[in-house]
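Here are some short exercises to work through with the structure in view. Try each task yourself, then follow the solution step by step.

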Amino acid sequence: MSDTQVTATETTVLTPRIGTTAKRALYWVAGSILVVLVAIASLNLAGTAVEGPPLDPTSAYEAGTQALAEVLRDQGVDVVVTTTLDDTRAALGSSDDSTLFFTNFEAYLSEDQVAEATELAVTVVFADPTLTELLRVAPEVAHAGQNADAVSASCSAPLVAQAPDITAGPSNYRVIEPSAEITACYGNDDDGYGLIVLDRGDTELRILGATDALSNGAITAADNAAFALRLLGEHETLVWYTPSFLDLANSGDAKTPAELAPGWVLPGVWLTMLTLLAGALWRGRRFGPLVIEKLPVTVRSSETMQGRARLYERSTARLHTLDSLRIGTIRRLAVLCGMPTTASVNDVINRVSPLVGQPIEPLRQLLIDREPASDYELIALSDELLALEDRVHAVIRPA
Amino acid sequence: MALSGWFVALLALGIVPIVVTGEPFVLTLWLLFVIVVGAIDLLLAVSVRSLRFERIAPDRVRLGETTSSTLRITNPTRRRLRAVVRDGWQPSAGAHTNRVPLTVPSRERRELNTVLTPVRRGTREAAHVTVRSYGPLRLIARQTTVSVPSSFTVLPPFNSRKHLPSRLARLRELDGATSVMIRGQGTEFDSLRDYVRGDDVRSIDWRATARRSELVVRTWRPERDRRVVIVVDSGRTSAARIEDEPRIDTAFESALLLAALASSAGDHVDFMIYDRRVRARVQGASGPDLLSKMVNSMAPVQPELIEMDWESVPGLVRQATTQRALVVLATTAESPGGSLGLLAMLPQLTAKHTVVVASVTDPSIADATLDRSTRDSVYLAGAAERALLDQSRVAAAINQLGASVVSRRPSELPLALADHYIALKAAGKL
């Protein structure tokens, strides 16, 4: 065809300038920043969950002990919070006017470390020791299970004189070998005690089961506050030691993967991630907008026929289907025998019968009378119709 | 802005100094280095906004043929343009490559050829040109899209023109123009000439022979200067695809072959595409001009999802000609329900004209009647027989109204229609 050249020079730049893009994006950026700020503010205001590590002097959650630590500070006690045994040792130094409070909930400390800790200060409060820890540091005391009733002093130690009733629990301890060095307080009916004081000469070891009394949630109940202040505020310094996983590293030869890996691994991982990101931007950047094209409508021509077939099938219109097939066969037979397509069925049967050497009656049955009672019969009849056509075809036009 | 693979490679190369030194801060230094180098590269890239574009597109091309469009890019800046260019043609324009690397030195112009093999009829458009202009290091590119609109028309293929020579030969036989010199089969008396051995003795004009001493025969020739009006239905049913060709395209093929044949036989052809409004019309053209006008008018027409308005067709035919004419209606005559409008209108046309209804049939229907292998296929065969019966009923109704039906599969319809025309002409029924 003709190849007349047409020149187009009218051009407009479609990509917006950076300034325009920035202006458009400003609304959304500002909106997102606002949403984030509101989310942070509402989280802070709504405050929060009741979860948190138990007996943590920096935690304001219900199980924490920030309230107690703050009151002790107000009372002039120097509260030092430590997380490793080394720090604890350093904080205590050789002072003989200090209290050590520690727990081993997470079992970060080995038994040796626990034993060492119980001898570090003049007064050591060991909260919630387990059975095996007791076997090592105080074999004369045993674990007596969990009990959380309110209990009263039931001993004459000066330590508890001001606090006859405290919240008990979670643990109780029992004295197996009573002696003059052992004082047990806050007992229940089952010979379990919330506090057991062992006098060890240089050190006074206090085994504390009633740790709930120290928590933020319960400190104001009963005589808990008085009890806690007397228990921990005796000396000028209180070292509050919460063991951490750093103690683990010091307790054996095991090293963390971070220590084992060479120094370039972490920056290498970062660089790999950044490279992957840059690669995604490189491959994912679209080369200009899509070109729009209006597609023509597409209609499949046999849709009506297929719809009708499904309709026959769903309503099991066997006779209707068979009649359609019969009409088709009769028309084709008529054409084969040189009759007009409008020839009647009887004429066609009369013409076909001698051709295929079949009596008229079975042909009548096949082409007119029989009604299919099942799909199986329908298929069989339709096959017979095809076979009849083939036979007539073979007779009239032999290959 | 767009990153290149080199930028990613440069970034990845940072692993070398990090491993060698083993220091984490080297990562920060490397990132700074990459960003600074990338920014400098970006600043040195030529701004696409300062380029000038010109597109030279073909005007028309026949479907199935290959053409090319040229994009001229002028770089008026002092810097060298290193770019990858995408010429944004529509997918069906069939651009072979649409991402081409291109370097244009300062103050020079380069041409970019895009080879196009369109896959669909109609108007194919190019909306824009997208350019990625890289800096000298090819790390980061400025990407900008510039609208450079242009378009070209893809004409119907007229594949059936391969049948034209054989049908023209048959026309010439009718005409008595061939060396065979058979007795003219037309009905129009042409002339008297001397008897030559081989002539049909029945055509001897005894009266003229008596006047002269030699045998004289009469010759006839087919009628000339008849009217042929072709109406193509562009309604709902023409959108249906049969053997991967929409009905309307088959109708166009048939119309083109018939028009080519009729115009060389000396008849006048009027052509129109209609659904509820006239989508295209060619009147009063003849010879090569007729075909070129027809393909141009057909090119942009696509079927609309509306019902054909048959009532206005007699009026349209009357506008085209007041003489007796051969009216060809290229439409669908499949189901009695869908053909009601056509059947109701036909008597008005057949009263004055010779009417032929050209309809495309779906060969898959006939195939479906023979497949009786499963339960589903037996039901489908029943529905197919039903569809065939409907078709023959419509055809019978059309015949009863005095028109004739030519219905074939898409590949055969143009030829069948042409043969029907030749038969009518030979019988002198135009």
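## Salt bridges and confidence

Over all chains, a search of the whole structure turns up 38 salt bridges. Keep in mind that this is a predicted model, so let's begin with its confidence, pLDDT being the predictor's own score for each residue.

**Exercise 1.** Find the average pLDDT of chain B, and the stretch of chain B where pLDDT stays under 50.

*Solution.*
- Step 1: The mean pLDDT of chain B is 89.
- Step 2: A score of at least 70 is reached by 96% of the residues of chain B.
- Step 3: The stretch under 50 is residues 177-185 of chain B. For these residues the model has 14 contacts beyond four places in sequence.

## Where the two chains meet

**Exercise 2.** Describe the interface of chain B and chain A by its residues and its buried area.

*Solution.*
- Step 1: Start with contacts: 88 residues of chain B touch 69 residues of chain A.
- Step 2: Turn to area. Interface size is often expressed as the accessible area lost when the parts come together.
- Step 3: For chain B and chain A that area is about 6,700 Å², with 62% of it on carbon and sulfur atoms.
- Step 4: On the chain B side, the most area is lost by B:Arg49, B:Arg372 and B:Tyr379, which together make up 13% of what that side buries.

**Exercise 3.** Which helix of chain B gives the largest share of the side that touches chain A, and which salt bridge links B:Asp390 to chain A?

*Solution.*
- Step 1: Count the polar links first: the interface has six salt bridges and 23 residue pairs in polar contact.
- Step 2: Helix α11 of chain B, residues 375-400, gives the largest share, with 15 residues.
- Step 3: By residue type, the side of chain B that touches chain A holds 46 nonpolar, 21 polar and 21 charged residues.
- Step 4: B:Asp390 pairs with A:Arg308 at 3.5 Å, N to O. The cut-off is 4 Å, so this distance counts as a salt bridge.
- Step 5: Place that pair: B:Asp390 sits in helix α11 of chain B, and A:Arg308 in helix α10 of chain A, residues 303-314.
- Step 6: Another salt bridge joins B:Glu385 and A:Arg332, at 2.7 Å from N to O.

## Inside chain B

**Exercise 4.** Work out how domain 1 of chain B and domain 3 of chain B touch, and which salt bridge joins B:Arg121 to its partner.

*Solution.*
- Step 1: Set the bounds. Chain B is assigned domain 1 (1-155), domain 2 (162-221) and domain 3 (225-426).
- Step 2: The centres of domain 1 and domain 3 of chain B, taken over C-alpha atoms, are 49 Å apart.
- Step 3: Eight residues of domain 1 of chain B contact eleven residues of domain 3 of chain B.
- Step 4: Between them these two domains bury about 640 Å², and carbon and sulfur atoms give 42% of that.
- Step 5: B:Arg60, B:Arg121 and B:Leu155 lose the most area on the domain 1 side, together 73% of what that side buries.
- Step 6: The two domains share one salt bridge. B:Arg121 meets B:Asp249, with the closest N and O atoms 2.9 Å apart.
- Step 7: There are also six residue pairs in polar contact between these domains. On the domain 1 side, β8 (122-134) and β9 (140-155) of chain B each give two or more residues, and β9 of chain B gives the most, with three.
- Step 8: That side is made up of two nonpolar, three polar and three charged residues.

Note on methods: Residues numbered from 1 in each chain as written. Chains lettered and ligands numbered in written order. Predicted model: local features only at pLDDT ≥ 70, side-chain atom pairs only at ≥ 80, totals over all residues. Heavy atoms only, no water. Domains from an automatic or database assignment. Contact = heavy atoms within 4.5 Å. Buried area = accessible area lost by both parts, 1.4 Å probe. Salt bridge = Lys/Arg side-chain N within 4 Å of Asp/Glu carboxyl O. Polar contact = N/O pair within 3.5 Å; in protein donor to acceptor, adjacent residues only side chain to side chain. Helix = DSSP H or I, 4+ residues; strand = E, 2+ residues; numbered from the N terminus. Nonpolar A, V, L, I, M, F, W, Y, C, P; charged D, E, K, R; others polar. pLDDT = per-residue confidence, 0-100.
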